[in-house]
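Student: Hey, I've just opened this one and don't know where to start. Can you walk me through it?
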Amino acid sequence: MLRAPRRPVDAAGGAHECGGNESSDARGPPEALQAAGAAQPRKRARHRIDLRRLGRAALLGHAGRDRAPDAIAHVVDAHRAHHPDADVDTLRRAYVLAESSHRGQMRKSGEPYITHPLAVTLILAELGAETTTLTAALLHDTVEDTDVTLDQVRAGFGSEVGYLVDGVTKLEKVDYGAAAEPETFRKMLLATGNDVRVMSIKLADRLHNVRTLGVMRREKQVRIAKVTRDVLIPLAERLGVQTLKTELEDRVFAILHPEEYEETRRLIVDHFASPDPLAAVAERVREVLREADLTADVQLRPRHFVSVHRVHRKRGRLGDTDFGRLLVLVGETADCYAVLGELHTCLTPVVAEFKDFIAVPKFNLYQSLHTALATSEGGIAEVLIRTRQMHRVAEAGVVALGNPYAAGGDQGREGTGRGAANRGTGERRPQDVPGPGSPDGTAAEAVPGAGDPDAADAERADPTRPGWLSRLLQWQSAVPDSELFWSVLREDLAHNREITVFREGGGALGLPAGASCVDAAYAQYGEDAHACMGAVVNGRLAPLSTVLEDGDTVQLLMGQDAAGGGPSPDWLDHVRTPAAGLAIRRWLTAHPANTPAEDARREETLPRPTLPAPAARTLAASVTVDQPGATVRLAGCCTPVPPDAVTAFAVRGNAVTVHRSECPRAVRMAAAGRRTVGADWGDTGDCRVTLRAASFGRPHLLADLTEAIAGEGVAVISATVEPPSEHGVRHTYTLHLPDATRLPGLMRAMRDVPGVYDVSRARSSAPASGV
């Protein structure tokens, strides 16, 4: 068996690196919560792993084939608690290889190095990870830190385990220099795109290293804590692994903000020095549910340190019920709503606090009902209601999926470590996709979804390839520079909330909160979005800068010639997704001169000559009314034209004002009993009319509109163009029609001009005499 370390292990004591939901509350640094006297959630009676005892067991060697080695017994117990029928022979063999290959290596804490992969594996076993993941966790440092090769791992444990180990193996600093860390994360994210279990192992690895950072120099602690805060914690949140995320948050909080951490710890200690008032609320909830004959488990869930700190900063003070929440666990989804109904009926709900994440799950798989109850002392008790399966997913996220690539979509089925879980599925198989570190040196598979709405929807529905991950993999390929990639990655992960918007023709887009119509355009069309000219949000025209809200419906208005359009530099002020920003910058860099949008602005603001006015009569002269000698005026509020149905009203001075019959003002006047006058269109003949066209700026738009008008046999009397604004460009035309009945066809022809989104009749500039 190979034993000699390939290179010195700098990671001892936790520095070694291998390549919010409201659900997770208490736990933070365990020793701190124990000092605070915080009530702990119910857990199986299993003590935290003792590194010194495991170290001694590791040095004594492994047990016989009839039972697991003593050092791995904790892992086996935790694994079988979730998977009673698991075959642990693979774990036994993986431990023997890991222990023998790491033998002689020590962590800076003084423990044998094997205690690190053991601790990482135990973390994942307690979350419910399946055998393949645990096998890879035991071996995750062998290729990086010993003479064991990736080929040996594949030969002994299968290509799936080999892929996971390769995914978390660091790139060498000797080869990549300062780019080693960002390129390692890039490699890891590419591997995660094909198998989310890669990131599960990385998160558990980082958690154990952060737990043991105390032996490191202060500056190294801070560096690792910052990377954890900026990259690993957001990834844990997005993958739904709240148990790991909350402890990582608390430990990073303690390192980066020691004074605020100590203040928060003191608040928690002081609070739990006396009985928790939430206990009385919990008992009242149990009583209500018993009386309703609803079987439920009601638990107290203390908030973790960072959660308490956030509430304190938000409210300026902490009430007695702000240190925890109530968690109600039931068997079926219908029971969640039954519990909610009973609580809202029998107790006093705070309706504004209700949220339904069961009907509309969060983007990281989280499902739960959130509500709040007013207490008799004037406090507010927050309540989370979910099924036990929802709770497992809320705590463990993608880890709770078991083997997400199992045959037949059975996400709970055990993998064998040799790729059998994927036989016959026809799905993406990690072992068949060479990653960045694979022997042939090829990149991971192409990322679907860019410019393919159906693929994007499929990814969003697939928990093994969530939408945010596909978007990340898409934009990273356009950033060869390591430093820029590292910067953009941190910025992208800082947007830790996601929204769903719906496309006009069906389907959905997942976007980060704060995304604009520009982001939606690039998410849907890729680089074809360069030709986007506007958007309709929830049925109303909206500028591309519009910030979208969860549930909005978006229709993107595209130019007919994608090659002829181009984005405006102003779009960069409104983008939130790196893919959109990078695409816009690439286009602007490739077109450093005048962009089409800028050309359009100049063209649209040029003064336009007024053409000679042919003799024409006004439309008012074409109306015949049943009031001889009356002066006929067309109402400015609705500007009637043939063949509109019209209604006329008599006004002072022997005048008659003509409205469209459906004009709201005409309807109100008729209802009020105003005297009407019979009116109809007579021989309309030629006439003069004013139309207003609203459009998005683009080159040659005015010429195209003029051509469309001329094509209808209509002459332009005058044309004015208002200065471009965020809503586009507004044109006003005074036109001479040889026949008023041509007006509807003319307006349709103008609307068909690319870039024009509305054509309407202009209001009369003459006063309407109050009518």
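Tutor: Sure, let's start at helix 19. Its buried residues are Met390, His391, Val393, Ala394, Glu395 and Ala396. Keep in mind that this is a predicted model.

Student: What do the buried residues of helix 19 pack against?

Tutor: Quite a list: helix 5 (115–127), helix 14, helix 18 (333–346), and also strand 1, strand 2 and strand 5.

Student: And what comes just after helix 19?

Tutor: Gly397, which has a positive phi of about 55°.

Student: You mentioned strands. In what order do the five strands sit in the sheet?

Tutor: The order is 1-2-5-4-3, in an open sheet with mixed pairing. Strand 1 (297–302) and strand 3 (355–356) are the edge strands, each pairing on one side only.

Student: How does helix 19 sit on that sheet?

Tutor: Helix 19 (residues 388–396) packs on the sheet and touches strand 1, strand 2 (324–330) and strand 5. The direction of helix 19 makes about 105° with that of strand 5.

Student: How many bridges join strand 4 to strand 5?

Tutor: Six, and the two strands run antiparallel. Strand 4 covers residues 369–374, while strand 5 covers residues 380–387. For one pairing to look up, take His370: its bridge partner in strand 5 is Leu384.

Student: OK, new topic. How many salt bridges does the structure hold?

Tutor: There are 30 salt bridges. One of them is between Arg103 and Glu99, with the closest N and O atoms 2.4 Å apart.

Student: Is Glu99 buried or exposed?

Tutor: Buried, because its relative accessible area is 4%, under the 20% cut-off. Arg103 is another story: at 34% relative accessible area, Arg103 is partly exposed.

Student: Got another salt bridge for me?

Tutor: Try Arg197 and Glu160, whose side chains meet at 2.5 Å, N to O. This pair links distant parts of the chain, 37 residues apart: Arg197 is in helix 12 (residues 197–211) and Glu160 is in helix 9 (residues 159–167). Both Arg197 and Glu160 are buried.

Student: What about one inside a single helix?

Tutor: Look at helix 14 (residues 242–256), where Lys245 and Glu249 lie four residues apart, about one turn of the helix. Their side chains form a salt bridge at 3.6 Å, N to O.

Student: Why does Lys245 count as buried?

Tutor: Because its relative accessibility is 5%, and buried means under 20%. Glu249 is buried as well, with a relative accessible area of 8%.

Student: And which residues do shared salt-bridge partners join into one network?

Tutor: Glu130, Glu160, Asp195 and Arg197.

Student: Back to helix 12 for a second. At roughly what angle do the axes of helix 11 and helix 12 cross?

Tutor: At roughly 135°, and the axes come within 8 Å. Helix 11 covers residues 180–194. The crossing makes helix 11 oblique to helix 12.

Student: Which residues make the contact?

Tutor: On the helix 11 side, they are Phe185, Met188, Leu189, Ala191 and Thr192. Helix 12 brings in Val198, Met199, Lys202 and Arg206.

Student: How many nonpolar, polar and charged residues does the contact of helix 11 with helix 12 have?

Tutor: Six nonpolar, one polar and two charged.

Definitions and conventions. Residues are numbered from 1 along each chain as its sequence is written. This is a predicted model: local features need pLDDT of at least 70, side-chain atom pairs count only at pLDDT 80 or more; totals for chains, interfaces and linings use all residues. Side-chain values use heavy atoms; hydrogens and water are left out. Two strands pair if DSSP finds at least two bridges between them. Contact means heavy atoms within 4.5 Å. Axes are lines fitted to C-alpha atoms, for helices over the stretch in contact, and angles run from 0 to 180 degrees between N-to-C directions. A salt bridge is a side-chain nitrogen of Lys or Arg within 4 Å of a carboxyl oxygen of Asp or Glu. Buried means under 20% relative accessible area, exposed over 50%, partly exposed in between (1.4 Å probe, protein chains only). Angles under 35 degrees count as roughly parallel, over 145 as roughly antiparallel, 65 to 115 as roughly perpendicular and the rest as oblique. Ala, Val, Leu, Ile, Met, Phe, Trp, Tyr, Cys and Pro count as nonpolar, Asp, Glu, Lys and Arg as charged, and the others, Gly among them, as polar.
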